[in-house]
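Here are my notes on this model, point by point. Please read them with the structure open.

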Amino acid sequence: LVPLMSESKLNVDRAALEQLLQKRFFFTPSFGIYEGVKGLYDYGPTGTALQQNLINLWRQHFVIEEDMLEVDCAIITPSKVLETSGHVAKFADWMCRDTVSHDFRRADHLVEEVLEARLESDALARKMADVSLAGGAAADAGGKKGKKKGGAPAPTKLDDAVAEEYRNILAQIDNFDGDGLGELITKYDIRNPETGNAVTPPAAFNLMFESSIGPTGTLKGFLRPETAQGQFMNFSRLLEFNNQKMPFASAMVGRSFRNEISPRSGLLRVREFTMAEIEHYVDPLNKDHQRFEEVAGIKLPLLPGTVQLEGKTTPIQMTIGDAVEKGVVDNKTLGYFLGRIYLYLTAIGIKSEMLRFRQHLNNEMAHYACDCWDAEIKTTYGWIECVGCADRSAYDLRVHAAATKKKLCVRENLSEPRVFEKLECEPNSKVFGPRLKRAAKPVLEHLQTLPEETLEAVSAALAKDGKATVTLSGTAVDGDYEITPDMVTIERRTITEHVREYTPNVIEPSFGIGRILYALIEHSYSVRADDEQRAVLSFNAAVAPFKCLVLPLSGHASFEKPLRDAARRLRAVGVPARVDDAASASIGRRYARNDELGTPFAITVDFQTAQDGTVTLRERDTTKQIRGTLDEIVQLVKNLVNGEITWEVVLTKYELVNTAASENDA
Ligand code: AMP
């Protein structure tokens with residue numbers, strides 16, 4: 001869901017940022033020397049290190065902290081699995097085609113883009129109308145598009161009611177299916193904004209990449225669209241590994257693939273991306289979480305479905321405890337994970353005021369989900385879903401169990417046996433088997449899995465008519481079979497159960513690492529107040545691609561040895577250090593380029609080092625420097641990187657070095 005861009009603008013010059021990211025090799029379009037393919041990106045050394053740090057912190061925060069069972073499953077998935085999971089039939093987006101240029105566009109994004117542009121134009125026209133009361137008008141009423149001299153469209157004012165309708169649609173755009181989007185396209189004359197041409201009605205497009213496995217080409221497969229299915233395939237083994245104890249979670253970090261229709265927002269919508277997914281298995285009768293109290297007091301900005309359906313996009317601030325108690329969030333496990341997601345995202349540096357949790361609307365929900373909340377992060381592209389947190393209920397385990405006839409369930413010993421009455425069907429083996437032959441087993445299975453009322457009706461028919469008919473379908477022996485009273489005994493019995501068998505529900509937090517990485521870059525980006533040309537990425541030390549830079553003041557030969565020494569000592573205490581001894585660049589320029597890499601600290605070797613063994617330590621955001629012996633500074637950097645001390649505290653203990661000369665020496 002992307003609300004009006006005007007609401008969601010960040011103070012980031014995206015063109016300048018993109019240039020920086022390209023120059024400092026965070027990422028680049030894949031296969032660029034062949035002109036590339038949309039939606040595919042390669043990460044350079046900076047992006048790779050940043051991504052790895054985000055994954056390591058994710059592992060620490062979820063897998064290790066919560067003792068989850070991490071797995072690494074196959075990417076190539078046989079069609080059968082994804083047919084059963086519903087992805088072959090339903091994992092699709094709605095697509096339109098330009099009737100003249102034949103370009104493809106995702107239907108919901110097209111409607112969004114056009115309505116947002118009209119509303120922006122309307123806002124501008126209203127502003128100009130206010131100003132023009134004092135002379136010269138630009139706004140015209142009604143909603144027809146005007147053209148300024150020179151070709152650029154003039155701002156167009158909309159009727160108040162039309163503008164309100166647009167806002168209402170945008171607040172719930174994800175709730176429209178193909179027909180609904182088609183109606184919007186016709187009603188509001190939505191055209192391809194790039195060409196002005198009409199578009200075809202939306203058609204479903206399956207997002208999975210298809211392939212075939214092996215040389216015969218007969219075994220159809222797909223690149224997985226999510227990591228979840230591999231985890232479900234291993235459910236029984238994982239439960240066994242966990243000594244049959246519930247609840248528990250499995251987790252996986254890996255690549256997923258989606259053939260996006262028309263990717264056009266950089267890393268935010270790509271065709272191949274790294275996901276980090278958790279499948280938390282929980283008893284459907286008790287979705288509480290043992291550690292819920294730890295997050296209950298956290299206040300989250302929540303945008304429930306009911307608010308969106310009123311056409312609003314302002315979140316409600318609510319503690320997780322209240323949200324669960326009032327039924328806004330369905331259960332404590334879901335609430336617990338929303339809290340943990342919030343803690344992870346803010347710990348890596350996402351700004352909390354640019355984070356919200358939005359509930360999915362009914363039509364938007366994936367085919368497997370019964371409730372879903374997205375963590376959305378504000379970027380220059382609008383609010384972007386970066387983490388989905390879905391309650392998949394028992395859907396996946398049930399459908400896979402039914403398709404494979406394997407038990408994917410939990411058996412729980414009951415402390416008190418459960419005693420209850422049940423209508424049961426028992427075969428009379430002397431007659432049942434010989435009479436039904438090959439069909440005996442499926443007919444019995446059919447009878448024994450009938451709902452109680454239907455079995456009751458069979459029993460009544462046997463008593464009244466002396467026979468009943470069983471119809472089999474979906475078996476190798478489909479057809480009608482006659483049952484007579486001598487073949488079965490149907491009676492109510494008292495059952496005493498010592499074991500409870502159930503299919504667990506699954507709560508699934510699903511993280512798109514690339515989206516989080518890009519949003520974090522935007523939230524960390526700024527330019528120096530005194531010099532707009534100097535950009536800084538203020539990553540915290542834990543996520544920063546490189547932790548400490550080591551550099552000589554100049555190319556003087558005497559700096560060589562202390563420089564290597566400093567780098568070696570940093571590495572020895574576990575701080576990855578990079579040496580920047582490119583003597584061709586001034587010290588100021590070298591500081592500046594490391595600010596663009598987000599490197600938080602820099603140790604500089606200078607003429608004083610040779611005299612007294614001291615070096616300076618510079619911190620990126622303040623550009624302040626202190627001086628100390630190499631031993632002292634190395635220890636300090638280690639503590640700063642590990643978060644054992646803050647730079648503010650360091651500043652209270654050391655005298656500042658005058659840095660004007662080195663900072664301005666660019
Ligand atoms: P979903 O299974 O659709 O809820 O997606 C889970 C997460 O994967 C989302 O929250 C996104 O962060 C990420 N994601 C989904 N599609 C893409 C894409 N095309 N490009 C990048 N990330 C994606």
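1. A charge sits over a ring if NZ of Lys or CZ of Arg is within 6 Å of the ring centre and within 35 degrees of the ring normal. Arg578 and Phe546 give one such case: the charged end of Arg578 sits over the Phe546 ring, 4.7 Å from its centre. Arg14 gives another, with its charged end over the ring of Tyr381 at 3.7 Å from the centre. Keep in mind that this is a predicted model.

2. Now the overall frame. The chain has 666 residues, and 51% of them are buried. Its secondary structure comes to 24 helices and 31 strands. The C-alpha trace spans about 105 × 70 × 55 Å along its principal axes.

3. Next, the ligand site. Which residues are closest to the ligand? They are Arg258, Glu260, Val270, Glu385 and Cys386, out of 14 that surround the ligand. By class, the shell divides into six nonpolar, three polar and five charged residues.

4. Backbone atoms of the protein make polar contacts with the ligand. For Val270, a backbone N or O atom lies 2.8 Å from a ligand nitrogen. For Cys386, a backbone N or O atom is 2.8 Å from a ligand oxygen. At Leu268, a polar backbone atom is 3.5 Å from a nitrogen of the ligand. On its own the ligand has 480 Å² of accessible area, and the protein covers 90% of that.

5. Which elements give two or more residues to the shell around the ligand? Strands S13 (272-282), S18 (382-393) and S23 (505-512) do. S18 supplies the largest share, four residues.

6. On to the aromatic rings. The structure holds 16 aromatic pairs. One of them joins Phe601 and Trp647: the pair is tilted, with 6.4 Å centre to centre and 50 degrees between the planes. Phe601 belongs to strand S28 (residues 601-605) and Trp647 to helix H23 (residues 647-653), so the pair ties together parts that are 46 residues apart in sequence. The 6.4 Å spacing falls within the 6.5 Å cut-off for pairing, which is worth remembering when the pair is counted.

7. Are Phe601 and Trp647 buried or exposed? Both residues are buried.

8. One aromatic cluster deserves a look. Ring pairs link Trp58, Phe62, Tyr344 and Phe511. Phe511 falls within the residue range of S23 (505-512), a strand that also gives two or more residues to the ligand shell.

Terms used. Residues numbered from 1 in each chain as written. Predicted model: local features only at pLDDT ≥ 70, side-chain atom pairs only at ≥ 80, totals over all residues. Heavy atoms only, no water. Near = heavy atom within 4 Å. Polar contact = N/O pair within 3.5 Å; in protein donor to acceptor, adjacent residues only side chain to side chain. Areas by Shrake-Rupley, 256 points an atom, 1.4 Å probe, with all protein chains shown as cover. Nonpolar A, V, L, I, M, F, W, Y, C, P; charged D, E, K, R; others polar. Phe/Tyr/Trp six-rings, centres within 6.5 Å; stacked < 30°, edge-to-face > 60°. Buried < 20%, exposed > 50% of the residue type's maximum accessible area, 1.4 Å probe, protein only.
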